[in-house]
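Visitor: I am new to this structure and would like a close look at a single part of it. Please take one place where two helices pack together, and then show what lies around it.

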Amino acid sequence: KAKATAEGLDPGMLDLPSDQLVPLNKDNSPPTTASATAEAAGKKPAAVAAAPKPRKKKLYWKALDASKVGRDSLWAQQSGEDAADSILLDEDEFNKLFVDSGEPEKKAAVVETEAKKKEPKKAKEILINMKRAQNAGIALARFKLSFEQIKVKIMNMNDEGLTTDQLKSLEEYLPSKEEAGLVSSYKGDKDNLGQAEKYMLVMLDVVKEAPQRIHCMIYKQQFKSRVNELRAKMQIIETACDDVKMSARLKKVLKTILKVGNQLNDGEVNMGFTLDSLQKLNSAKAFDKKTSVLQYVITLIYRNDPDCLQFPEDLKSISEASKLVLDMVASEKNTLQEEFNNNFKIVMDIQDRDKDQTVQYGSMIDFLTKADSFCADLEKRYEKVKSKFSKVLEYFGEEASMTSDAFFLTLYKFVQEFLATREAVERLRKQELRKQAAEQTAALKKSLAESNPNPKKSGGESDAMKNRRQTTFSSGDGSNENNDSSNGLQEMLAASTAVTLQTSPSKKKNNRRASAFN
């Protein structure tokens with residue numbers, strides 16, 4: 001009201017009713033309403049329908065105050081290409097995008113009309129157990145063949161185009177006696193039945209023979225992979241038998257263990273020991289309570305024949321062999337043979353009693369003919385592997401009742417302990433060699449300092465120094481261990497000597513002395 005007063009307007013106009021018109025004259029004559037005007041004219045007031053105002057999208061930005069837009073401002077009115085007037089707006093396009101005319105969406109109306117035209121989908125009639133019908137429907141929906149085509153394949157025992165899982169599903173959802181009665185007594189429209197009921201209806205007349213035929217088809221599909229698996233297992237065991245028997249390095253290691261064991265047991269003269277005795281070598285300690293019998297054995301091998309320490313390389317196959325049982329392989333082989341015999345009998349019986357000339361069993365008969373030879377070959381392979389393993393047990397002096405997995409697992413555990421202990425012994429040997437080298441270097445330094453405290457410029461290495469150096473290099477008991485490390489020690493000693501002599505006042509004399517030791 002204060003702002004209206006300031007503008008010279010009547011603030012009382014703000015208190016008028018909403019249906020009362022505001023006078024356009026500038027004097028203070030009383031306002032008149034539309035109804036009053038119509039009554040004065042003797043007419044019935046007509047309802048005034050206001051036109052709907054188009055709704056626009058808003059851009060909620062923060063506008064600048066006009067006082068902040070100077071003459072040199074970006075927003076100042078300019079001419080040329082930068083002027084706002086040079087930008088043309090397509091009114092139709094603008095209105096289509098940002099102005100709502102209030103008309104309903106045509107697309108929504110069309111969708112709604114089509115939705116009304118759609119009729120509700122009829123529910124399928126379920127005759128069997130609901131859960132079984134649902135599971136069967138899911139499994140049978142994956143087949144690209146019609147149920148009639150599936151039936152023909154089952155009758156011909158032709159598995160082409162069918163997976164093992166699909167064959168198992170076809171067997172699983174064959175109708176039971178109760179389900180067969182429910183499906184066969186159905187008198188309604190068969191198109192209204194679910195997938196499970198339709199499949200059962202097609203298979204009603206072959207339901208008795210279908211399971212056996214499906215079994216034959218599954219056996220045919222799995223046969224090749226089962227044969228290959230058995231061959232691979234036999235090959236692993238056979239290779240492991242050859243490796244342990246042909247390894248000369250393993251034989252020498254075991255002989256060394258036998259010698260140490262006999263020496264420990266008051267000089268007994270035993271001819272051998274069982275494999276499970278190998279597991280006790282690491283736990284049996286010397287009186288120092290640190291050195292195990294296995295560590296001592298490895299040390300002996302280092303001194304006498306280091307190459308034998310690499311015997312684990314000869315036994316790489318025993319890891320896989322330790323996971324296999326030869327008796328279980330025999331059981332799997334026998335099961336495969338028994339299933340072959342049963343399926344062969346089924347096919348022969350069906351062929352003899354089947355009078356339907358349209359049914360063809362050629363592919364199944366061809367398979368059984370080849371499968372027979374494969375089974376015979378597996379039998380020969382098994383007998384060969386069994387014989388080899390028996391000879392291995394005899395070679396090691398083990399009981400004939402010992403299983404293959406127990407034999408190879410015991411040997412595999414020993415190999416792992418041997419590798420770990422060999423690594424520990426190797427670390428100790430290196431430490432000892434470094435210690436010996438340091439002691440010999442210190443002794444040589446001391447000898448050089450005592451023999452020639454004030455070296456002469458023109459003099460070379462004295463005979464006494466040469467003798468001491470040669471004595472130092474040749475010292476030792478002549479063992480293989482000292483011989484193996486002699487080259488390394490010579491290099492270390494020569495380098496140490498050269499460093500010591502560099503403290504002399506003359507660089508030239510230092511060079512001569514260093515070259516004399518090289």
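Guide: Helix H7 packs with helix H10 (residues 210-246) at an angle of about 165°, and their axes are 10 Å apart. The angle makes H7 roughly antiparallel to H10, because an angle over 145 degrees counts as roughly antiparallel. The crossing in which H7 passes H10 is left-handed. From H7, the residues that take part are Thr164, Leu167, Lys168, Leu170 and Glu171. They meet Ile214, His215, Met217, Ile218, Gln221 and Gln222 in H10. Sorted by class, this contact of H7 with H10 holds 5 nonpolar, 4 polar and 2 charged residues. The model is a predicted one, and its confidence is taken up at the end.

One residue of H10 in this contact, His215, also serves as a reference point for another helix. Glutamate 339 is placed in helix H14 (residues 326-353). Along the chain, glutamate 339 and histidine 215 are 124 residues apart, while their C-alpha atoms are separated by 9.6 Å. With residues up to four places away in sequence left out, glutamate 339 touches Tyr219 and Arg226. Glutamate 339 has a relative accessibility of 28%, so it counts as partly exposed.

Next comes the loop between H10 and H11, where serine 247 lies. Serine 247 counts as buried because its relative accessibility is 5%, and the cut-off for buried is under 20%. Its contacts, apart from neighbours within four places in sequence, are Asp314 and Leu315. Computed along the sequence, serine 247 and leucine 315 are 68 residues apart; in space, C-alpha to C-alpha, they are 8.0 Å apart.

On the other side of the starting pair is the loop between H6 and helix H7 (164-172), which holds methionine 157. Methionine 157 has a positive phi of about 55°, although it is not a glycine. Methionine 157 is also buried, with a relative accessible area of 0%. Lysine 289 can be set beside it: this residue, not a glycine either, has a positive phi of about 60°. Lysine 289 is found in the loop between helix H11 (248-264) and helix H12 (293-304). Lysine 289 is exposed, at a relative accessible area of 71%, whereas methionine 157 is buried.

H6 has a packing partner of its own. Helix H6 (residues 147-156) and helix H9 (residues 195-202) have axes 10 Å apart and pack at an angle of about 45°. That angle makes H6 oblique to H9. In this case the crossing, with H6 passing H9, is right-handed. On the H6 side the contact involves Phe147, Glu148, Lys151 and Ile154, and on the H9 side Gln195, Lys198, Tyr199 and Val202. The residues of this contact of H6 with H9 comprise 4 nonpolar, 1 polar and 3 charged.

A further residue to look at is phenylalanine 407, placed in helix H16 (residues 404-451). Phenylalanine 407 is buried, and its relative accessible area is 0%. Not counting residues up to four places away in sequence, phenylalanine 407 touches Val244, Leu275, Phe389, Val392, Leu393, Phe396, Glu398 and Met402. Phenylalanine 407 and isoleucine 318 are 89 residues apart along the chain, and their C-alpha atoms are separated by 9.5 Å.

These places belong to a wider picture. The protein chain has 19 helices and 2 strands. Of its 518 residues, 30% are buried. Among the contacts in the protein chain with a separation of 6 or more, 74% are between residues 24 or more positions apart.

Last, the confidence of the prediction. The mean pLDDT of the protein chain is 77, with 65% of its residues at 70 or more. Confidence is highest in helix H13 (residues 318-321), at 96, and lowest in helix H19 (residues 507-517), at a mean of 37. Over residues 468-518, pLDDT stays under 50, and the model has 56 contacts beyond four places in sequence for them.

Key: Residues are numbered from 1 along each chain as its sequence is written. This is a predicted model: local features need pLDDT of at least 70, side-chain atom pairs count only at pLDDT 80 or more; totals for chains, interfaces and linings use all residues. Side-chain values use heavy atoms; hydrogens and water are left out. Axes are lines fitted to C-alpha atoms, for helices over the stretch in contact, and angles run from 0 to 180 degrees between N-to-C directions. Helices (H or I, at least four residues) and strands (E, at least two) are DSSP runs, numbered from the N terminus. Angles under 35 degrees count as roughly parallel, over 145 as roughly antiparallel, 65 to 115 as roughly perpendicular and the rest as oblique. A crossing is left-handed if the near helix is turned anticlockwise from the far one by less than a right angle, and right-handed if clockwise. Contact means heavy atoms within 4.5 Å. Ala, Val, Leu, Ile, Met, Phe, Trp, Tyr, Cys and Pro count as nonpolar, Asp, Glu, Lys and Arg as charged, and the others, Gly among them, as polar. pLDDT is the predictor's confidence in each residue, from 0 to 100. Buried means under 20% relative accessible area, exposed over 50%, partly exposed in between (1.4 Å probe, protein chains only).
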